[in-house]
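I opened this entry to check one helix and the way the copies are related. My notes follow the structure.

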Number of protein chains: 2
Amino acid sequence: MICALEGEEGRRREPSTLTEERIWNMQQQIAVITLGVADLARSKRFYKGGFGWLPAFDNDEIAFYQMNGFVLGTWVAAKLEEDMQRRGLATPGAFSLAHNVASADEVIRLIDRLAGAGGRVLRPGDAPPHGGFRGYVADPDDHAWEIAWNPAWPIDEQGHVTFA
Amino acid sequence: MICALEGEEGRRREPSTLTEERIWNMQQQIAVITLGVADLARSKRFYKGGFGWLPAFDNDEIAFYQMNGFVLGTWVAAKLEEDMQRRGLATPGAFSLAHNVASADEVIRLIDRLAGAGGRVLRPGDAPPHGGFRGYVADPDDHAWEIAWNPAWPIDEQGHVTFA
């Protein structure tokens, strides 16, 4: 989603307030996002052919991609189920991942590219009420990717994204 | 999951090779992870009471947490469905998120804390074959969190995690 928050009702906290209110000295940190996949080779073709991403490591059951401050894992779903001791993982899951790009034109081009690499367009690119531009593509395992241009949120050279 | 990769079969790529092979000059970047929630107030109680995390912004339908180089969003699921133009989002989804801590003892204490804040333990903490320590907890919307101690992967002060 893209939100331009000026003038909206809603609470925004400054970092100093954040620190004072923090009740547990934990990093707001996610180390890994792991997606369950049915066919790892097919998944790797999508991520390479669509996004141009290459794993830092892969074997027959898992691929790890180094991302902006964390790791994306794609793991054969049966192994993920075994690790989390939970069966019957369902799709489409109630989540989305967003990859942000630098312009509306890049959104359109990347959605086309992802569709050509085995993705399925859920929502073609268009402009949300709050500005910017976005669309959604499901990967071959039905995981939803939002492709967005959000001019309000800065991204540094390492890909680190800041809420703004 | 936790993997110590020494001696395993599998390909590991050096950054220089990565650059040469890259066919599309894209950041390996995820800007937002958005989780669909049924009850945002309940979700915020879990993330504050369990992890100690506070949103940078929240209103009646969404909360944004500034994470390590990206943003975590928790959004009323019906709004997420509308935005992605896809109905029937299912749980449990075929994915997990991992939060890494500094010791096995912290894994146990955090799992207890998450359970006390409305989470449901899927797998109590134990040691996987490759080393480290981990367990899984479902949040109130059934999204799976792995709580892990992975001594092999460095985390800097800003929470940025490196595949190693």
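These notes take the helix first and the symmetry after that.

**Helix α4 of chain B**

I am working with a predicted model. I began with the length of helix α4 of chain B, residues 104-116. At 1.5 Å a residue, its 13 residues should span 18 Å. I found the end C-alpha atoms 19 Å apart, which agrees.

Next I asked which residues of α4(B) are buried. I noted B:V107, B:L110, B:I111 and B:L114. I then looked down the axis of α4(B): the buried residues fall within an arc of 105°, so they line one face of the helix.

I turned to the face of α4(B) pointing away from the buried side. That face carries the exposed residues B:D105 and B:G116.

What do the buried residues of α4(B) pack against? I listed one helix, α2 (40-51) of chain B. I also listed the strands β6 (95-101), β7 (120-126), β8 (133-138) and β9 (144-149) of chain B.

I followed the backbone past the helix. Just after α4(B), B:G118 takes a positive phi of about 110°.

**Relation of the chains**

I then superposed chain A on chain B. The fit takes a rotation of 180° with 0.0 Å of shift along its axis, and the RMSD is 0.0 Å. The two copies are therefore related as by a two-fold rotation axis.

Which residue of chain A comes closest to the rotation axis? I found A:G93, with its C-alpha at 2.0 Å.

Last, I compared the contact surfaces. The same surface serves both copies, as 100% of the contact residues of chain A recur in chain B.

Key. Residues numbered from 1 in each chain as written. Chains lettered and ligands numbered in written order. Predicted model: local features only at pLDDT ≥ 70, side-chain atom pairs only at ≥ 80, totals over all residues. Helix = DSSP H or I, 4+ residues; strand = E, 2+ residues; numbered from the N terminus. Expected span 1.5 Å × (residues − 1). Buried ≥ 20, exposed ≤ 12 C-beta atoms within 10 Å, placed from the backbone. Arc of directions from axis to C-beta. Contact = placed C-beta atoms within 7 Å. Least-squares fit on C-alpha atoms with pLDDT ≥ 70 in both.
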